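Subject: Structure handed over, with notes

Hello,

Here is the structure we spoke about, with the sequence alongside. My notes follow below it; please read them with the model open.

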Amino acid sequence: MSKKLLLLPGDGIGTEIMAEVEKLIAFLNESRKAGFSYETGLVGGAAYDEHGIAISEQDMEKAQSADAVIFGAVGGPQWDNVPYDKRPEAGLLRLRKDLGLFANLRPAICYEALADASALKREIVEGLDILIVRELTGGVYFGEPKQIIELGDNENGKNQKRAVDTQVYETYEIDRIARVAYDMAMTRSKKLHSADKKNVMISGVLWDEVVREVAVDYSEVEFNHILADNAAMQLVRNPKQFDVIVTDNLFGDVLSDTAAMLTGSLGMLPSASLGAPDEKTGKRKAMYEPVHGSAPDIAGLGIANPIAMIASFAMALRYSFNMIELADEVEGAIAGVLADGLRSGDIMQQGCKKVSTEQMGDAIIAKLV
Ligand code: IPM
Ligand code: MG
């Protein structure tokens, strides 16, 4: 089985955390004969500086032909004023859209050792294991029109504009993400919440209708509707009532950041973005990325938490390469180093040992030996 990766470290701490993945790949190739090969490319501000665009055609081609893309993070204040269509995030959005990565899996697991690192009380988050299934190629992120229109001056001589984003979903888009969520629920505790704003948004009405229709094929799964604002509140009030939450692109973006904090730090949350299985080969296009951003404030200091990045690579082992045992081992190694008391700055607790990005990566690899 071909195991060709494209590594796109991106900006800020992206390069530092990706270096830890490269170490892990080298280790797995050496010790487990894992057979990974990889190319690297530029995305985000790094691509803009080199090519004047957030991802080059050449790197898009590499992404199309890779078995999996491993993505770091994009963005930073130095690119705040680049044209909107060339901003760092545009590279990430193009990858998602052009590779058809509609299904974004964002697991939020509270490791036992970190139950006290969360901003929430231990009893609220201890043992937490939820999965947010976010629709990733539709909704307001990509809907057209998306524009600012000049309206001229009003009666006071003040220039007026109108900004439009479009929230749009078609049946097939909701149907396919719902099926991913139900399939996931079937492998877990068979409980699904679907979050929308059908009390205000007509796209929410269709969302709910379609998700309920799909339910017919999954009679074993307990279905619950929840309004997205209530979901945000319930996530901090009593997150363990959830198992799988399926939601649209924008609500998924927001709810997954909330879920991240339940686990102790945004630096802990991995994600997998999957396309539809190829009709002939059954293979899905896939990209794996931490949920956190490029953290420009700590970039270059060697103190970033590489766990979300390494856990994203573990998701690649699981979902793209069916290396389930190895994925379990890597995730176990992460739990192990945390149990040993190693902490990056973002999850530092009293009595623990503060380590650098590299030391954390090394310690995780050492657990695999
Ligand atoms: C995420 C990020 C992205 C998003 C940004 C960087 C465009 O916040 O993956 O959650 O909004 O989807
Ligand atoms: Mg986000």
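I start with a loop residue: K190 counts as partly exposed, because 14 C-beta neighbours lie inside 10 Å, a count that falls between the limits of 12 or fewer for exposed and 20 or more for buried. Please keep in mind that this is a predicted model. K190 sits in the loop between α6 and β8 (191-196). Its phi is near 60 degrees, which is a positive value in a residue other than glycine.

A295 is another entry of this kind, with a positive phi near 40 degrees in a residue other than glycine. It is placed in the loop between β12 (284-288) and α10 (307-319). A295 counts as buried, because it has 23 C-beta neighbours inside 10 Å.

One peptide bond should be noted as well. The bond from E144 to P145 is cis, with omega near 0 degrees. P145 belongs to strand β6.

The sheet

The model has an open sheet of ten strands with mixed pairing, in the order β2-β1-β3-β12-β11-β4-β5-β10-β8-β9. Its edge strands are β2 (37-40) and β9 (222-227), each of which pairs on one side only. On average, neighbouring strands of this sheet are turned by 20 degrees against each other, with direction ignored.

Two of the pairings in detail:

- Strand β1 (residues 4-10) and strand β3 (residues 68-73) run parallel and are joined by five bridges. Within this pair, L6 stands opposite V69 in β3.
- β8 and β9 also run parallel, with six bridges between them. Here K191 is opposite E222 in β9.

How well is β8 enclosed by the rest of the structure? Largely, because five of its six residues are buried.

The hairpin

Strand β6 (residues 143-153) runs antiparallel to β7, and seven bridges join the two. Q147 of this pairing faces V164 in β7. The two strands form a hairpin with five residues between them, and G157 in the turn has a positive phi of about 80 degrees. Strand β7 (residues 159-166) is hardly covered: among its eight residues the count of buried ones is zero. By contrast, β8 has five of its six residues buried.

Helix packing

Two helix pairs are worth checking on screen. Two packed helices are described by the angle between their axes and the distance between the axes.

Helix α6 (residues 171-187) and helix α7 (residues 202-215) have axes that come within 9 Å and cross at roughly 50 degrees. That makes α6 oblique to α7, because the angle lies outside the ranges of under 35 degrees for roughly parallel and 65 to 115 for roughly perpendicular. The crossing of α6 and α7 is right-handed.

For α1 and α10, the axes come within 8 Å and cross at roughly 45 degrees. These helices are therefore oblique to each other, and their crossing is right-handed.

L24 lies in helix α1 (residues 14-32). It is buried, with 24 other C-beta atoms within 10 Å. L24 and I310 are 286 residues apart in sequence, yet their C-alpha atoms are 8.2 Å apart in space.

The ligand

Which residues surround ligand 1? They are E89, L92, D253, V291 and G293. By class, this shell has two nonpolar, one polar and two charged residues.

L92 is the shell residue I looked at further. It is placed in helix α4 (residues 88-98) and counts as buried, because 23 C-beta neighbours lie inside 10 Å. The C-alpha atoms of L92 and G10 are separated by 9.5 Å, although the two residues are 82 apart along the chain.

For viewing, I suggest the ligand shell of E89, L92, D253, V291 and G293, then the hairpin of β6 and β7, and then the crossing of α1 and α10.

Regards

Conventions:
Residues numbered from 1 in each chain as written. Chains lettered and ligands numbered in written order. Predicted model: local features only at pLDDT ≥ 70, side-chain atom pairs only at ≥ 80, totals over all residues. Near = placed C-beta within 6 Å. Nonpolar A, V, L, I, M, F, W, Y, C, P; charged D, E, K, R; others polar. Helix = DSSP H or I, 4+ residues; strand = E, 2+ residues; numbered from the N terminus. Pairing = 2+ DSSP bridges. Axes fitted to C-alpha atoms, helices over the stretch in contact; angles between N-to-C directions. Parallel < 35°, antiparallel > 145°, perpendicular 65-115°, else oblique. Left-handed = near helix turned anticlockwise from the far one by under 90°.
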